[in-house]
Structure formats: C-alpha cells, structure tokens
Amino acid sequence: MADLAKLAQIVDTAAREATAIPQLSEKHDFTLEDAYAIQQISLSRRYGRGERQSGIKMGFTSRAKMVQMGLDEMIWGRLTDRMLVEDGGRISLSDYVHPRVEPEVAFLLKRPLRGKVSPMAAMAVVEAVAPALEIIDSRYKNFKFSLPDVVADNSSSSGYVIGGWRRPDSDIGNLGIVLEFNGRAVQVGSSASILGHPARSLAAASRLAGHNDFELKAGWVVMAGGATAAEALRPGVSVRCCIENLGAAGFTVD
Ligand code: OOG
Ligand code: MG
C-alpha cells in the first residue's frame with residue numbers, strides 16, 4: 001500500500017519549491033480515495049505552517065476543461081488564504097512551475113452548507129458572487145496527470161483572484177465571459193458552460209463536502225470551475241476576466 005503521508009510530503013514540497021515532479025502514479029499505486037487523503041494530509045502541512053483554509057474550488061465542471069485535460073470526472077481542491085492574489089495585483093512567474101489561468105465564478109457563503117441540496121437552496125446561502133480567476137499550476141511535469149494524480153496535487157490549486165463581490169440578486173445562469181490577455185480576448189464563454197449553471201457547481205460542492213464529512217463554512221469562497229480552457233501565463237501579461245453584469249477581476253504577471 002502507498003505511504004499516503006510520504007506522497008503528501010512530495011506534492012507539498014513540490015508546490016512550496018515550485019518544482020516539477022513525475023506523476024505519483026508512475027511509481028505508486030493509489031486510489032482516488034487515497035488521493036483525497038493525500039490532498040488532506042498535504043494541506044494539513046500547510047495549515048501547520050500558518051495557512052488557513054479559505055474555501056474550496058471545483059474542477060472539471062465544464063466540457064472545455066474536461067476536453068483540455070482529457071479527464072471527465074468532477075474534482076475538488078482546497079483554497080487557503082495564502083493563495084489569494086489581490087485583484088489588480090501582480091504575481092511573479094518564479095513562484096510557479098508552469099501556471100495557467102482560467103475564468104471562473106466565485107461564491108461567498110453567508111451560512112454553512114453541507115449535503116444534498118438543490119441549486120436553488122445552495123444559492124440561498126450565498127452572500128455574494130464575483131468574477132474570478134483561478135491560477136492553476138500542476139506540480140507534475142508537462143502539466144500531465146491522471147485523475148488520482150491531480151487530486152493528490154490539490155487539484156492544481158495555486159492562486160485565485162476575486163473581483164468585486166455583488167449580491168446574487170439576478171440570475172447568473174448564462175452570462176458572457178471573456179478572458180483577456182493585454183486587452184485581447186483569448187477565451188470566450190458563458191457561465192452556462194459550468195454544469196449548465198454555476199449554482200449546480202455550488203450544489204455539487206455541498207454534496208461532496210457532506211460525502212467527505214465536512215461542511216462549507218460561512219465566509220468561505222467556492223470557485224465554481226473554469227468556464228473555458230485555461231491559458232498559459234507568460235511574463236508581461238495583464239490578465240482580466242470580464243463577466244456580463246458582474247464586472248471584472250485581473251492581475252499582471254511579472
Ligand atoms: C485541474 C484543475 C481543474 C477547473 O476549474 O476545472 C480546475 C487542472 O486543470 O489542472 O481547476
Ligand atoms: Mg479551476
């Protein structure tokens with residue numbers, strides 16, 4: 001049986017030192033359930049260094065992402081306070097292995113959420129929604145992985161940027177989304193590409209939390225998943241995600 005703590009240490013160190021590693025599954029045999037245990041142990045190491053969980057992110061909730069990565073099962077990962085990049089802020093490529101960015105919708109929860117709920121019931125605990133960007137950075141060489149590999153690696157979580165929060169007082173089911181690099185559109189899509197409606201991703205997050213014996217907490221952020229394929233970051237790029245009716249979020253790469 002694989003030594004889960006050892007594998008957690010390997011992915012945690014790779015993330016901390018921003019160095020690419022071979023896929024764990026090349027040498028170790030572990031299940032998807034083991035992979036979530038590895039993720040949890042790896043994140044506990046971060047909490048031990050003073051980081052705090054700030055939410056969760058959903059992955060592979062759109063066809064575009066599933067097709068890009070060749071995987072077709074929804075996954076989730078943990079966000080921490082240290083992953084938050086200020087809206088309008090700057091990042092340095094040297095802190096990452098080979099980062100990519102994708103446009104997302106973020107939810108801020110006002111009450112805890114857990115277990116099987118309808119998308120509408122899930123929306124009832126949402127304090128605010130925001131346009132967001134996720135910076136994903138697989139620690140695996142060539143950004144290639146199996147489902148258990150990526151889950152063990154915290155589902156490629158690396159950074160996230162949140163634009164201005166807005167009350168969820170109008171439907172967010174089919175809003176135009178544009179990802180821009182230096183003012184030019186590099187990906188376009190719709191919030192409808194996230195499971196047909198981003199609220200479904202929130203409901204799925206609630207169900208998965210219940211299944212894994214934790215709750216989504218008040219004050220947490222839930223990232224609904226990339227609405228389009230992800231784009232590789234390069235130095236000098238100013239990135240913006242614009243979502244119809246919601247506004248924009250952005251950052252610049254040094
Ligand atoms: C895995 C993470 C997927 C999303 O929004 O679909 C994800 C990856 O693509 O590296 O964050
Ligand atoms: Mg994502």
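Q: What makes a stretch of residues a helix or a strand here?
A: Helices are DSSP runs of at least four residues marked H or I, strands are DSSP runs of at least two marked E, and both are numbered from the N terminus. This is a predicted model, and by that definition the protein has six helices and 12 strands.

Q: Where is Ala 124 found?
A: Ala 124 is in the loop between helix H4 (119-123) and strand S5 (126-136).

Q: Why does Ala 124 count as buried, partly exposed or exposed?
A: The relative accessibility of Ala 124 is 40%. Buried means under 20% and exposed means over 50%, with partly exposed in between, so Ala 124 counts as partly exposed.

Q: Which residues is Ala 124 in contact with, leaving aside its neighbours within four places in sequence?
A: They are Lys 110 and Arg 111. A contact calls for heavy atoms within 4.5 Å. As for Pro 168, which is 44 residues apart from Ala 124 along the chain, the C-alpha atoms of the two are separated by 9.2 Å.

Q: Why is Asn 154 called buried or exposed?
A: Asn 154 has 3% relative accessibility, and buried means under 20%, so Asn 154 counts as buried. This residue is found in the loop between helix H5 (147-152) and strand S6 (157-162). Leaving aside neighbours within four places in sequence, Asn 154 is in contact with Gln 39, Leu 43, Gly 77, Arg 78 and Met 83. Across the protein, buried residues make up 56% of the 254 residues.

Q: How do you know that S7 and S11 pair?
A: Pairing needs at least two bridges found by DSSP. Five bridges join S7 (residues 176-181) to S11 (residues 238-243), so the two strands pair, and they run antiparallel. Val 178 stands opposite Cys 242 in S11, and Ile 177 has Ile 243 as its bridge partner in S11.

Q: What joins S11 to S12, and how do they run?
A: Six bridges join S11 to S12 (residues 247-253), and the strands run antiparallel. One opposite pair is Arg 240 and Gly 250 in S12. S11 and S12 form a hairpin with three residues between them, and Asn 245 in the turn has a positive phi of about 70 degrees.

Q: How many bridges join S7 to S8?
A: Six bridges join S7 to S8 (residues 184-190), and these strands also run antiparallel. Glu 180 stands opposite Ala 185 in S8. The hairpin of S7 and S8 has two residues between the strands, and Asn 182 takes a positive phi near 50 degrees there.

Q: How do you know that the radius of gyration agrees or disagrees with that of a compact globule?
A: With 254 residues, a compact globule would have a radius of gyration near 18 Å; the protein has 17 Å, so the two agree. Along its principal axes, the C-alpha trace spans about 50 × 45 × 35 Å.

Q: What share of contacts between residues at least 6 apart in sequence joins residues at least 24 apart?
A: The share in this protein is 76%.

Q: How many positive and negative charges does the protein have, and how far apart are their mean positions?
A: There are 29 positive and 29 negative charges, and their mean positions are 1 Å apart.

Technical notes: Residues numbered from 1 in each chain as written. Chains lettered and ligands numbered in written order. Predicted model: local features only at pLDDT ≥ 70, side-chain atom pairs only at ≥ 80, totals over all residues. Heavy atoms only, no water. Rg over C-alpha atoms; globule rule 2.2 N^0.38 Å. Buried < 20%, exposed > 50% of the residue type's maximum accessible area, 1.4 Å probe, protein only. Lys, Arg positive; Asp, Glu negative; His and termini not counted. Charge placed at Lys NZ, Arg CZ, Asp CG, Glu CD.
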